[in-house]
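This briefing introduces a protein structure to a reader who has not met it before. Please keep the sequence and the 3D view at hand while reading.

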Amino acid sequence: MDNHQNEKYSVFQQILLFLAAYTDAFVGNTQLLAAILKFKGFIDDIDAVSAKKQLKASVPQTKMKDAARKSLVAMLEAACLLALEWAKAQKDEQLIKDFTINETSFKGKINQMLILANYTYGVLDTNKTALIAATSITAPQLLAIETEIELLETLQKAPAAARSAQKTVTALYKPAFLDAIAGKETIINLVKGAYTIGAKANLEMILDLENALVFGGNVQHTVLNAKFYTAGTTTRIEGALITIIELKRVGVSNIYGDAYIKEFKPGTYHVTFSALDHISQTRIIPIPAGGKISEIIMLVGS
């Protein structure tokens, strides 16, 4: 999953926690229960895609490839030092060129290094009868070079195959997320439609749903605090409401007149302050990321 998908997946998990918390309240709501079952299935589909993801090469595998590369270069360099002197004696300019290598010749990307290694080994193998007869190069030495090349090629192909598999699996996320997003919207509509007003109205449930829809990774402990007083007195108001209109977030004041709304995205919002038997106020309040804003609210009695 990319970062954007991770954010969405985190919200999906928060919604699942919300649904679990209100299981008893949803009893008898067959339309909503069916939607919940489908939504859980969509999340299972995403999890199934994640399970197919290939692990990256482990540290031991990486170290093995580095060791194989160094070993191969060392073996080729040693063999070519002997072969070079033989080529000089033969006065074969092409062979002299082919066997004039050192560690620096094999620097660069591993695929390019393998091309040169295979070519050099091929020249050695083509002339192995003469080389074994005229130098101290041995058949096991050449076999060891061939084996090391095969090992390095295998270690190099594995990560490439894993990357290809991951690209294929990543493409499967898109339809899985589209289904889950649609399922999320259905649940939001059904919960708000059934529990915002009427005999089954549950304000706490609606607020919890709104909270579940906020991605926690964007939250920087932003806090809006209101201290409610009746204007012209030192009497604090219990049960007063602070409402961020755009976010549909509500906080209720305690016995000390303090109301809080915590953990929400920063921005500039219309905020309403209200209480029973008092005249409401609405203010435009900018709230920065991580900001902790406190407002003293003096409400005039109605």
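The points below cover the sheets, the helices and a few individual residues.

The structure is a predicted model. One open sheet has four strands, and another open sheet has three. Among the helices, H1 and H2 pack against each other, while H5 has a set of buried residues.

**The four-stranded sheet**

- Four strands in the order S3-S2-S5-S6 make up an open sheet, and their pairing is antiparallel.
- The edges are held by S3 (249-252) and S6 (281-287); each has a single partner strand, so one side of each lacks a neighbour in the sheet.
- Direction ignored, neighbouring strands here are turned by 25 degrees against each other on average.
- Strand S2, residues 241-244, runs antiparallel to S3 and is joined to S3 by four bridges.
- Within this pairing, isoleucine 242 has glycine 251 of S3 as its bridge partner, and leucine 241 has valine 252 of S3.
- Side chains alternate along S3: Arg249 and Gly251 point to one face and are buried, whereas Val250 and Val252 point to the other and are not buried.
- In general, the side chains of a regular strand alternate between the two faces of the sheet.

**The three-stranded sheet**

- The second open sheet has three strands in the order S4-S1-S7, with mixed pairing.
- S4 and S7 are the edge strands, and each of them pairs on one side only.
- Neighbouring strands of this sheet are turned by 20 degrees against each other on average, direction ignored.
- Strand S1 covers residues 223-230 and is mostly covered, with seven of its eight residues buried.
- On one side, five bridges link S1 to S4 (residues 258-262) in the antiparallel sense.
- The bridge partner of leucine 224 in S4 is isoleucine 261, and alanine 226 stands opposite alanine 259 in S4.
- S1 also pairs with S7 (residues 292-299), in the parallel sense and over eight bridges; threonine 230 stands opposite leucine 299 in S7.
- In general, the strands of a sheet pair through backbone hydrogen bonds, either parallel or antiparallel.

**The packing of H1 and H2**

- Two packed helices are described by the angle between their axes and the distance between the axes.
- For H1 (residues 3-21) and H2 (residues 30-51), the angle is about 140 degrees and the axes are 11 Å apart.
- H1 passes H2 in a left-handed crossing.
- From H1, the residues Tyr9, Phe12, Gln13, Ile15, Leu16 and Leu19 meet Ile36, Phe39, Lys40, Ile43, Ile46 and Asp47 of H2.
- Of the residues in the contact of H1 with H2, nine are nonpolar, one is polar and two are charged.

**Glutamine 5 in H1**

- Glutamine 5 is found in helix H1 and is buried, at a relative accessible area of 14%.
- Not counting residues up to four places away in sequence, glutamine 5 touches Tyr173 and Phe177.
- The C-alpha atoms of glutamine 5 and lysine 174 are separated by 9.1 Å, although the two residues are 169 residues apart along the chain.

**Helix H5**

- Helix H5 spans residues 110-126; at 1.5 Å a residue, its 17 residues should span 24 Å, which agrees with the 24 Å between its end C-alpha atoms.
- The buried residues of H5 are Ile110, Met113, Leu114, Ala117, Thr120, Tyr121, Val123 and Leu124.
- In an α-helix there are 3.6 residues a turn, so residues three or four places apart point the same way.

**Two lysines with a positive phi**

- Most residues other than glycine have a negative phi.
- Lysine 91 is not a glycine, yet has a positive phi of about 55 degrees.
- Lysine 91 lies in the loop between H3 (59-90) and H4 (93-99), and is exposed, with a relative accessible area of 72%.
- Lysine 248 also has a positive phi, near 55 degrees, and is found in the loop between S2 and S3.
- The hairpin of S2 and S3, to which lysine 248 belongs, has four residues between the strands.
- Lysine 248 counts as exposed, at 51% relative accessibility.

Note on methods
Residues numbered from 1 in each chain as written. Predicted model: local features only at pLDDT ≥ 70, side-chain atom pairs only at ≥ 80, totals over all residues. Heavy atoms only, no water. Pairing = 2+ DSSP bridges. Helix = DSSP H or I, 4+ residues; strand = E, 2+ residues; numbered from the N terminus. Axes fitted to C-alpha atoms, helices over the stretch in contact; angles between N-to-C directions. Expected span 1.5 Å × (residues − 1). Buried < 20%, exposed > 50% of the residue type's maximum accessible area, 1.4 Å probe, protein only. Left-handed = near helix turned anticlockwise from the far one by under 90°. Contact = heavy atoms within 4.5 Å. Nonpolar A, V, L, I, M, F, W, Y, C, P; charged D, E, K, R; others polar.
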